[in-house]
Amino acid sequence: MARIKIFDTTLRDGEQSPGASLDPKEKLQIARQLSNLNVDIIEAGFPITSEGDFKSVSNIAKEIRGVSIAALARAVEKDIECAAKALKHAKSPRIHVFLATSKIHRKFKLAKAKDEIIKIAVKGVKHARKYVDDVEFSPEDATRTEPDFLAEVVESVIDAGAKTVNIPDTVGYAVPEQYASLIKSLKENVKNISEAVISVHCHDDLGLAVANSLTAIKVGATQVECTINGIGERAGNASLEEIVMALKTRKDFFGHTTRIKTHELLATSKIVSGLTGLWVQRNKAIVGENAFAHESGVHQDGILKERTTYEIMRPEEVGLPKTKIVLGKLSGRHAFKKRIMELGYELSDEELEHTFNQFKILADKKKDIYDQDIEALIQDEKSEVPHIYELDSLSISCGPNTIPTAGVRLRVGKDKIVDDATIGDGPIDALFKTIDLITGTKGTLLDYNIRAITSGKDAMGEVIVEVDVEGKSYRGRAVSTDIIEASAKAYLNAINKIKRSKK
Ligand code: KIV
Ligand code: ZN
């Protein structure tokens, strides 16, 4: 029996999801929750790629304790030095060096022969070891690398000082049996393999990332790289919550443990989805809205008689509260605070006071307040987006045989009010065009999504927009019982991020 190390790469590979860019404050917020979840390693970013990423890694390295903090670097000196600098204040820093090894990458991307690849990999690992003891090496596209050559690379980097060797299925090409036999053959044929931890890192292009990771664990991998909600490059990475709960629920089969506090899984999933704007599908295993919902009468009857008839995990194990207490207009501060704590959130006194006031305003518009409503208020409260422009008021006119028109008034800072009005192809187009006029924004709306957070006609609507400005995309999110207001606020949220990044 082994304790499997959970290497979370939500903030690095996860953030490579199209449109999911996070700023340093948002990344720190997620890192704090990953630390509550008790992952073993947080891959905080790829510092050479941008100032923002450098700052994120450095902030996380300064604050988070009890978890190793990793930074990614290509096998080149300037990347490694930059990663080392960003990790300077970490208690347990790890530099994660990678270099592609497959024939396709060697020929088309790197134009390097096998012996040169080995030299660069070894040099990279040795260079990283000058700064930290804990060095991980990843032969990128390992599953499409000739197995003999892969074994040679792995042996060389271990000799050079790598303490972890990660075997990435970079393009999600592997299938479980084949991936497991690759890991097994490395265990059998690399003579110094016992000196390093074998790690797995699978992408989900064929929907096999979790299955591949689990079969690799079954044959001896003891570190698994994964992301919350399975977000990541293209189809994503292996989902952390699915791997952890599979290991826990099927301990009889796998025989391993993790140190994850599984009751934090749902809260972590919600924080990541709220901050990235990447919604979780309803039927997603473990954290989807339907994951513990029983619709069929036969199932409901079975559950009432004996829970295990149709439930292999207890909802509380993943952090789903037992009862959905509904709050309303008459609920007091005490009940509100208690519910927030039960939902796994921590608010300062000031945040609590402000959120409670928002709750009262909402309760005037909406009869029953559900957990999702409260969570939406908390996400708003915790949002670190600056309030450069704030919505003061708006009016929309639209309908058959009318020209959609929006009038918007915004507050800038404490006292300044600016307003304008214009027409558009529809009410949202008119609204966004007016906001563009007032704020001087020249962007392109890439995406606009709206959904009801809870059920009922008075449900709060959540709007997420994605705006492209000069080739960079920004997301904005807002909730309200009025979907036009939510749209305006979400758009302003994105604009405030744009203004901040320009500053
Ligand atoms: O998928 C991949 O190969 C990676 C490496 C950088 C580990 O993300
Ligand atoms: Zn990856």
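**Notebook: ligand 1 and two helix pairs**

I began with R12, where an N or O atom of the side chain is 2.9 Å from an oxygen atom of ligand 1. I note at the outset that the model is predicted.

I then looked up D13 and found a polar side-chain atom 3.1 Å from an oxygen atom of ligand 1. For H203, I recorded a distance of 3.0 Å between a polar side-chain atom and a ligand 1 oxygen.

I next asked how much of the accessible area of ligand 1 the protein covers. On its own ligand 1 has 260 Å² of accessible area, and the protein covers 94% of this.

I also asked which elements give two or more residues to the shell around ligand 1. I found three strands listed: β4 (93-100), β5 (134-140) and β6 (164-169).

I listed the residues around the ligand in full: R12, D13, H96, F98, S138, E140, N166, P168, T170, H201 and H203. By class, I entered six polar, three charged and two nonpolar residues for this shell.

**Helices α2 and α3**

I turned to helix packing, for which two packed helices are described by the angle between their axes and the distance between the axes.

I looked up helix α2 (residues 51-63) against helix α3 (residues 77-86): the axes cross at roughly 40° and come within 8 Å. I therefore entered α2 as oblique to α3.

I asked which residues make the contact. From α2 I noted F54, V57, S58 and A61, and from α3 I noted C82, K85 and A86. I classed the residues of this contact as five nonpolar, one polar and one charged.

**Helices α13 and α15**

I then examined helix α13 (residues 333-342) and helix α15 (residues 371-382), whose axes lie 11 Å apart at an angle of about 85°. Angles of 65 to 115 degrees count as roughly perpendicular, so I entered α13 as roughly perpendicular to α15.

On the α13 side I recorded F336, R339 and I340 in the contact, and on the α15 side D371, I374 and I378. I counted four nonpolar and two charged residues in this contact, with no polar residue.

How values were computed:
Residues numbered from 1 in each chain as written. Chains lettered and ligands numbered in written order. Predicted model: local features only at pLDDT ≥ 70, side-chain atom pairs only at ≥ 80, totals over all residues. Heavy atoms only, no water. Near = heavy atom within 4 Å. Polar contact = N/O pair within 3.5 Å; in protein donor to acceptor, adjacent residues only side chain to side chain. Areas by Shrake-Rupley, 256 points an atom, 1.4 Å probe, with all protein chains shown as cover. Helix = DSSP H or I, 4+ residues; strand = E, 2+ residues; numbered from the N terminus. Nonpolar A, V, L, I, M, F, W, Y, C, P; charged D, E, K, R; others polar. Axes fitted to C-alpha atoms, helices over the stretch in contact; angles between N-to-C directions. Parallel < 35°, antiparallel > 145°, perpendicular 65-115°, else oblique. Contact = heavy atoms within 4.5 Å.
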